[in-house]
Amino acid sequence: RECLFFVLDRLFHPRVICTDPGGTCVRIEDTIRLLSRNLEREERVMRETGYPRSAAHKWAHDALLRKLARMKRTLVCGDYDNALVFDFLTKWLNTHSATYDRHFSEFLLARGM
């Protein structure tokens, strides 16, 4: 989680200038790629450990990636406020961590993992 916040802050810091104004936002593409890898890893652990709430947890991951894909299609690079994406991701990560990830952590701890 801390690593994701660090990377997202660097990608969407207010002083970060877009490299391709008017084109597809590579920062959103990079965020999708980064999150996809991390979420896939987490989902693999859920499957391997038999986590009973894995379907709902994966649904939340998929919903996030769909929202980011929509942002990528609709936000023109250089024409949006970086804080828009950063605030959305920060809110999502905090909420997701406090609910879904907390339950998953408790499941793993209860099984001594």
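**A tour from Tyr-51 to Thr-31**

Start by selecting Tyr-51, which is buried in this predicted model, since its relative accessible area is 5%, and that value falls under the 20% limit for the term. Keep Tyr-51 displayed and add Phe-104, a residue that likewise counts as buried, here at 7% relative accessibility.

With both side chains shown, turn to their rings. A search across the whole structure returns two aromatic pairs, and one that Tyr-51 and Phe-104 form is tilted, with 4.8 Å from centre to centre and an angle of 55° between the planes. Colouring by secondary structure helps at this point: Tyr-51 belongs to the loop between α2 and α3 (54-74), whereas Phe-104 belongs to helix α4 (residues 82-110), so the pair ties together parts that are 53 residues apart in sequence. Next add Phe-107 to the selection, because Tyr-51, Phe-104 and Phe-107 form one aromatic cluster.

For a ring with a charged neighbour, select Phe-88 together with Lys-67: the charged end of Lys-67 sits over the ring of Phe-88, at 5.6 Å from the ring's centre.

The last stop is Thr-31, which you will find by following helix α2 (residues 26-49). Is Thr-31 buried or exposed? Its relative accessibility is 1%, and Thr-31 therefore counts as buried. To see what surrounds this residue, display Leu-8, Leu-11, Phe-12, Leu-68 and Leu-89, the residues that Thr-31 touches once those up to four places away in sequence are left out of the count.

Conventions: Residues numbered from 1 in each chain as written. Predicted model: local features only at pLDDT ≥ 70, side-chain atom pairs only at ≥ 80, totals over all residues. Heavy atoms only, no water. Helix = DSSP H or I, 4+ residues; strand = E, 2+ residues; numbered from the N terminus. Buried < 20%, exposed > 50% of the residue type's maximum accessible area, 1.4 Å probe, protein only. Contact = heavy atoms within 4.5 Å. Phe/Tyr/Trp six-rings, centres within 6.5 Å; stacked < 30°, edge-to-face > 60°. Lys NZ or Arg CZ within 6 Å of the ring centre and 35° of its normal.
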